[in-house]
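Please open the model in your viewer and keep the sequence panel beside it. The tour below goes from one selection to the next and says what is to be found at each stop.

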Amino acid sequence: MQYIYQPAANNDAYTLLLLHGTGGDEKDLLPLAPVLAKDFHVLSLRGNVSEHGMPRFFRRLGMGIFDEEDVHFRTHEMVHFIRQLAAEKGFDSNKTVAAGYSNGANIAGAVLMLYPELLAGAVLFRPMQPLQGIEDPFDTSRQQPVFMSSGTQDGTVNAADTEAYATLLSASGFRVSAHHINTGHNLTQQDIDLAASWIKENF
Ligand code: MLT
């Protein structure tokens with residue numbers, strides 16, 4: 001995968017895993033890193049799927065209709081990549097906190113569902129539930145914190161579905177903190193401020 005890695009001064013630091021939205025790349029969210037988590041290692045990835053030239057983390061069949069087989073494949077591929085890079089660079093993959101926007105939030109959510117013990121936490125900006133019919137329960141024993149922020153005027157994401165997704169994550173053992181911002185699918189300063197305080201409180 002294409003990536004940017006910026007090590008922190010302290011080797012034992014957490015790693016902030018940045019995951020962009022559709023049409024973005026690994027440079028997009030980098031300016032947020034010092035605002036969200038000043039002393040973390042930073043790993044920013046580019047999605048391996050191209051939708052008419054726009055990078056994404058997994059294929060979709062239509063707006064909000066995900067190719068779940070590809071969600072599985074790309075999630076395994078990304079986790080494998082993160083573990084390999086962690087071994088190479090010397091960071092602890094279990095001390096990784098994901099921060100994803102839109103499609104990036106959705107692949108982070110897929111990691112929570114398929115590898116529930118891996119991440120130390122996740123910030124999900126404008127998330128949608130990435131997998132519907134997973135057969136095995138994806139309970140976590142770590143009870144990691146998960147931050148979610150949705151736009152109350154978001155035309156892309158159905159509010160009731162996001163509510164159900166938050167309930168599912170809570171039922172699986174994650175400590176969900178859900179926020180509703182008076183805006184659309186776009187990311188706002190309020191999202192960033194709330195997420196930065198949440199990271200400060202939790203890590
Ligand atoms: C997706 O994963 O497709 C999103 O939530 C919507 C988008 O990325 O535009």
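A polar contact here is a pair of N or O atoms within 3.5 Å; within protein, one must be able to donate a hydrogen and the other to accept it, and residues adjacent in sequence count only if both atoms are side-chain atoms. This is a predicted model, in which local features need pLDDT of at least 70 and side-chain atom pairs count only at pLDDT 80 or more, whereas totals for chains, interfaces and linings use all residues. Residues are numbered from 1 along each chain as its sequence is written, and side-chain values use heavy atoms, with hydrogens and water left out.

**The whole chain**

Begin with the chain as a cartoon, where the secondary structure comes to 5 helices and 11 strands (DSSP runs numbered from the N terminus, with helices being H or I of at least four residues and strands E of at least two). The C-alpha trace spans about 40 × 35 × 30 Å along its principal axes. The radius of gyration, taken over C-alpha atoms, is 15 Å, which agrees with the value near 17 Å for a compact globule of 203 residues (the rule is 2.2 Å times the number of residues to the power 0.38). Of the 203 residues, 53% are buried, where buried means under 20% relative accessible area, exposed over 50% and partly exposed in between, with a 1.4 Å probe and protein chains only.

**The ligand**

Next, select the ligand and the residues near it, that is, those with a heavy atom within 4 Å of it: T22, R56, F58, R60, F66, S102, N103, N106 and M128. This shell divides into 3 nonpolar, 4 polar and 2 charged residues (Ala, Val, Leu, Ile, Met, Phe, Trp, Tyr, Cys and Pro count as nonpolar, Asp, Glu, Lys and Arg as charged, and the others, Gly among them, as polar). Which side chains bring a polar atom to an oxygen atom of the ligand? R56 does so at 2.8 Å, N103 at 2.9 Å, and N106 through a side-chain N or O atom at 2.7 Å. The protein covers 94% of the 260 Å² of accessible area that the ligand has on its own, as given by the Shrake-Rupley method with a 1.4 Å probe.

**R56**

Now centre on R56, which is found in strand β5 (residues 54-56). Is R56 buried or exposed? R56 is buried, because its relative accessible area is 2%. Its side chain also makes a polar contact with the side chain of T22, at 2.8 Å. Leaving aside neighbours within four places in sequence, R56 is in contact (heavy atoms within 4.5 Å) with residues including H20, G47, F66 and N103. The C-alpha atoms of R56 and G23 are separated by 6.6 Å, although these residues are 33 apart along the chain.

**S44**

Move on to S44 in strand β3 (residues 41-45), which counts as buried at 1% relative accessibility. Its side chain reaches the backbone oxygen of E26 at 2.7 Å, and E26 is among the residues that S44 touches, together with Q2, Y3, I4, L18 and L30, not counting residues up to four places away in sequence.

**Two positive phi angles**

Most residues other than glycine have a negative phi. Select S102, in the loop between β8 (96-101) and α3 (103-114), where phi is near 55°; S102 counts as buried at 12% relative accessibility. Finish at Q143, in the loop between β9 (121-125) and β10 (145-151), where phi is about 50°. Q143 counts as partly exposed, at 46% relative accessibility.
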